[in-house]
Amino acid sequence: MSNHIDFLLKQNRLWSQSVKDRDNNFFRNLAAQQTPKYFWIGCADSRVPANEILGLLPGEVFVHRNVANVVVHTDLNCLSVLQYAVDVLRVQHILVVGHYGCGGVKAAFQNTRLGLIDNWLRHVQDVRDKHRTRLMAIADPDQQLNRLCELNVLEQVLNLSETTIMHDAWARGQDVTLHGLIYGLEDGILHDLNMPVATDNELLSYYEAAVDRLFASAG
Ligand code: CO
């Protein structure tokens, strides 16, 4: 056990030194303030680390992660991070980042019983059921799962856009845009699902158009 912690501390010292070798004042400057432009809401999956995927340094992206990157209207944790990001840090872009091959989405899709987490994943099952007819029309199970991973991202962008925090920010004219992205574990590439939201006008029709595009491009 302590060997593992020793290993982590050693890794940390090496990393800290490598950053200081590039910029000796890096940590001193960063300790004074954080001014990230981006807020990332992603999956807790260990293979989807925000900073590394974006190639950004500490201080450049504010992060909230949970299983299957879900935005729930009663989740005080997510809402608190969102409110701080929007009202205090004044981030300009909020990225909801799903990923293909998401274990949470897969468990939700297949009704796998995993325990307490089933209740959390019920939100993803709601997304599945909302688009059930179109999902079931896809023959390939891998493609079905890919579509649900994408649909889950669009749904969470919609949920975000309906929060009081976003309504208030847009009502006072704050420049902040929501984006839905999806990440490929197999190639390390992020894809834009092309549903940027910078206002709460016509949200539902905008969302429906994005869903239509998704099924159209999937063929
Ligand atoms: Co995941």
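## Phe7 and the greasy patch on H1

Phenylalanine 7 sits in helix H1, which runs over residues 2–22. In this predicted model, Phe7 has a relative accessibility of 47%, so it counts as partly exposed. Phe7 also helps build a nonpolar surface patch of about 370 Å², together with Ile5, Leu8 and Leu9.

## The cobalt site

Now for the metal. Three protein side chains act as donors to the cobalt ion: Cys43 through SG, His99 through NE2 and Cys102 through SG. These donors lie 2.1 to 2.3 Å from the cobalt ion. Read along the sequence, the donor residues follow the spacing C-x55-H-x2-C. Cysteine 43 belongs to strand E1 (residues 38–43) and histidine 99 to strand E3 (residues 93–99), so this pair ties together parts that are 56 residues apart in sequence. Are Cys43 and His99 buried or exposed? Both cysteine 43 and histidine 99 are buried.

## Helix H8, mostly tucked away

Helix H8 covers residues 141–161, and its 21 residues should span 30 Å at 1.5 Å a residue. The C-alpha atoms at its ends are 30 Å apart, which agrees with that expectation. Of the 21 residues in H8, 18 are buried, so the helix is largely enclosed by the rest of the structure. At the start of H8, aspartate 140 reaches in with a side-chain oxygen, to within 3.2 Å of the backbone nitrogen of aspartate 142.

Further along H8 you'll find asparagine 152. Its relative accessible area is 0%, so Asn152 is buried. The side chain of Asn152 makes a polar contact of 2.8 Å with the side chain of glutamine 156.

## Salt bridges involving H8

Side chains of opposite charge can pair when their charged atoms come close. One pair sits inside H8 itself: arginine 147 forms a salt bridge with glutamate 150, with the closest N and O atoms 2.6 Å apart. Arg147 and Glu150 are three residues apart in the helix, about one turn, and both are buried.

Another pair reaches out of H8. Glutamate 155 forms a salt bridge with lysine 130, and here the closest N and O atoms are 2.8 Å apart. Since Glu155 lies in H8 and Lys130 in helix H6 (residues 117–130), the pair ties together parts that are 25 residues apart in sequence. Glutamate 155 has a relative accessible area of 10%, so it is buried, whereas lysine 130, at 44%, is partly exposed.

## Salt bridges elsewhere

How many salt bridges are there? The count comes to 10. Aspartate 45 and arginine 47 make one of them, with their closest N and O atoms 2.7 Å apart. Asp45 counts as buried because its relative accessibility is 15%, under the 20% cut-off. Arg47, at 46% relative accessibility, is partly exposed. There is also a network of salt bridges that links Arg122, Asp126, Arg128, Asp129 and Arg132.

## Met195, out in a loop

Last stop: a loop residue. Methionine 195 lies in the loop between strand E5 (190–192) and helix H10 (203–218). Being in a loop doesn't leave Met195 out in the open here: at 1% relative accessibility, it counts as buried. Met195 and leucine 14 are 181 residues apart along the chain, and their C-alpha atoms are separated by 40 Å.

Definitions and conventions. Residues numbered from 1 in each chain as written. Predicted model: local features only at pLDDT ≥ 70, side-chain atom pairs only at ≥ 80, totals over all residues. Heavy atoms only, no water. Donors = N, O, S within 2.8 Å, 3.2 Å for Na, K, Ca; no water. Helix = DSSP H or I, 4+ residues; strand = E, 2+ residues; numbered from the N terminus. Buried < 20%, exposed > 50% of the residue type's maximum accessible area, 1.4 Å probe, protein only. Patch = residues over 30% accessible without salt bridge, like charges linked within 9 Å, V, L, I, M, F, W, Y side chains within 5 Å. Areas by Shrake-Rupley, 256 points an atom, 1.4 Å probe, with all protein chains shown as cover. Salt bridge = Lys/Arg side-chain N within 4 Å of Asp/Glu carboxyl O. Expected span 1.5 Å × (residues − 1). Polar contact = N/O pair within 3.5 Å; in protein donor to acceptor, adjacent residues only side chain to side chain.
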